[in-house]
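Let's take a walk through this one together. Have the viewer open and follow along as we go from the overall fold down to single side chains.

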Amino acid sequence: MSLFLATVLLLGAQAAPTEEAVDPYTQNNANAGATAFADDAMWRAFHGREGVDRIVEAFVARNQSDPRIGDIFKGQDMVRLRRVLKEQFCYILNGGCDYSGRTMKDAHKDMGIQQADMGALVENLQAAMRAEGVDFRAQNRFLAKLAPMKRDVVER
């Protein structure tokens with residue numbers, strides 16, 4: 001076996017990052033902070049599972065690299081964040097998923113999120129949706145579903 005092949009096999013054998021343990025909580029779709037759309041039109045507008053996955057990956061990456069809000073994500077469990085965001089978006093867009101995360105209030109407790117941070121998050125989500133080619137009307141309908149969560153996320 002060549003040294004190159006052995007190195008590739010060893011690198012490929014590394015475990016994927018895993019989620020950190022969290023305190024127990026009751027899982028419920030009501031924790032998603034919004035009800036699901038009535039039909040799958042929005043799910044299709046977001047290009048299904050692959051589209052939502054791309055949007056969440058781009059959204060998280062934008063937030064992490066955004067100098068306005070990047071510090072909020074330092075030290076957070078990014079594996080879990082990506083998974084629950086994908087579940088949350090899928091649930092709300094009526095993609096046939098259940099949301100297993102905590103309530104919005106519990107998930108954002110003691111993070112010190114301010115109104116301006118929410119503005120940056122929305123801008124980053126809009127950019128991720130735009131890059132995926134989600135039409136403007138669908139973007140606005142989704143943002144309207146998410147907007148009431150602000151009261152549970154913003155602390156000051």
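In what order do the elements of the protein chain run from the N terminus on? The answer is α-α-α-α-α-α-α-α-α. Put as a tally, the secondary structure comes to nine helices and zero strands. Keep in mind as you look around that this is a predicted model.

Now zoom out for the overall dimensions. Along its principal axes, the C-alpha trace spans about 60 × 35 × 35 Å. The protein chain has 156 residues, and buried ones make up 38% of them. Its accessible surface comes to about 9300 Å², with 54% of that belonging to carbon and sulfur atoms. As for how the chain meets itself, take the contacts between residues at least 6 apart in sequence: 77% of these join residues at least 24 apart.

Let's pick a spot on the inside. Asn 63 sits in helix α3, which covers residues 48-65. Is Asn 63 buried or exposed? Its relative accessible area is 2%, so Asn 63 is buried, given that the cut-off for buried is under 20%. Who are its contacts? Leaving aside residues up to four places away in sequence, Asn 63 touches Ile 69, Gly 70 and Phe 73, and also Leu 121 and Asn 124.

For a contrast, go to Gly 75, in the loop between α4 (70-73) and α5 (78-92). Gly 75 has 74% relative accessibility, so it counts as exposed; the bar for that is over 50%. If you want a distance to check in your viewer, try Gly 75 against Trp 43: they are 32 residues apart in sequence, and C-alpha to C-alpha they are 31 Å apart in space.

Next, the cysteines. How many disulfides does the structure hold? It holds one, and that one joins Cys 90 to Cys 97, with an S to S distance of 1.9 Å. The torsion about this S-S bond is about 75°, which is why the disulfide of Cys 90 and Cys 97 is right-handed. Both Cys 90 and Cys 97 are buried.

On to charge. The protein chain carries 20 positive and 21 negative side chains, and the centres of the two sets lie 4 Å apart. Side chains of opposite charge can pair when their charged atoms come close. With a cut-off of within 4 Å between a side-chain nitrogen of Lys or Arg and a carboxyl oxygen of Asp or Glu, the count comes to ten salt bridges.

One of them pairs Arg 83 with Glu 19, the closest N and O atoms being 2.4 Å apart. Arg 83 lies in helix α5, while Glu 19 lies in the loop between α1 (3-12) and α2 (41-45), so this pair ties together parts that are 64 residues apart in sequence. Arg 83 counts as partly exposed, at 27% relative accessibility, and Glu 19 is partly exposed too, with a relative accessible area of 29%.

Another salt bridge is formed by the side chains of Glu 57 and Lys 86, at 2.8 Å from N to O. Here as well the pair links distant parts of the chain, with Glu 57 in helix α3 and Lys 86 in helix α5, 29 residues apart. Glu 57 counts as partly exposed, at 33% relative accessibility.

Then there's Asp 40, which forms a salt bridge with Arg 44; the closest N and O atoms of that pair are 3.3 Å apart. Asp 40 has 36% relative accessibility and so counts as partly exposed, whereas Arg 44, at 52%, counts as exposed.

Which residues are linked with Arg 83 in a network of salt bridges? The network is made up of Glu 19, Arg 80, Arg 83 and Glu 87. Let's finish on Glu 87, found in helix α5. Its relative accessibility is 17%, so Glu 87 counts as buried. Not counting residues up to four places away in sequence, Glu 87 touches Cys 97, Asp 98, Tyr 99, Ser 100 and Gly 101. That list brings us back to the disulfide, since Cys 97 is joined to Cys 90 there. One last distance to try: Glu 87 and Ala 32 are 55 residues apart in sequence, and their C-alpha atoms are 8.8 Å apart in space.

Technical notes. Residues are numbered from 1 along each chain as its sequence is written. This is a predicted model: local features need pLDDT of at least 70, side-chain atom pairs count only at pLDDT 80 or more; totals for chains, interfaces and linings use all residues. Side-chain values use heavy atoms; hydrogens and water are left out. Helices (H or I, at least four residues) and strands (E, at least two) are DSSP runs, numbered from the N terminus. Buried means under 20% relative accessible area, exposed over 50%, partly exposed in between (1.4 Å probe, protein chains only). Contact means heavy atoms within 4.5 Å. A disulfide is a pair of cysteine sulfur atoms within 2.5 Å. Accessible areas come from the Shrake-Rupley method with a 1.4 Å probe; for residues, only the protein chains shown count as cover. Lys and Arg count as positive and Asp and Glu as negative; His and the chain ends are not counted. The place of a charge is taken as NZ of Lys, CZ of Arg, CG of Asp or CD of Glu.
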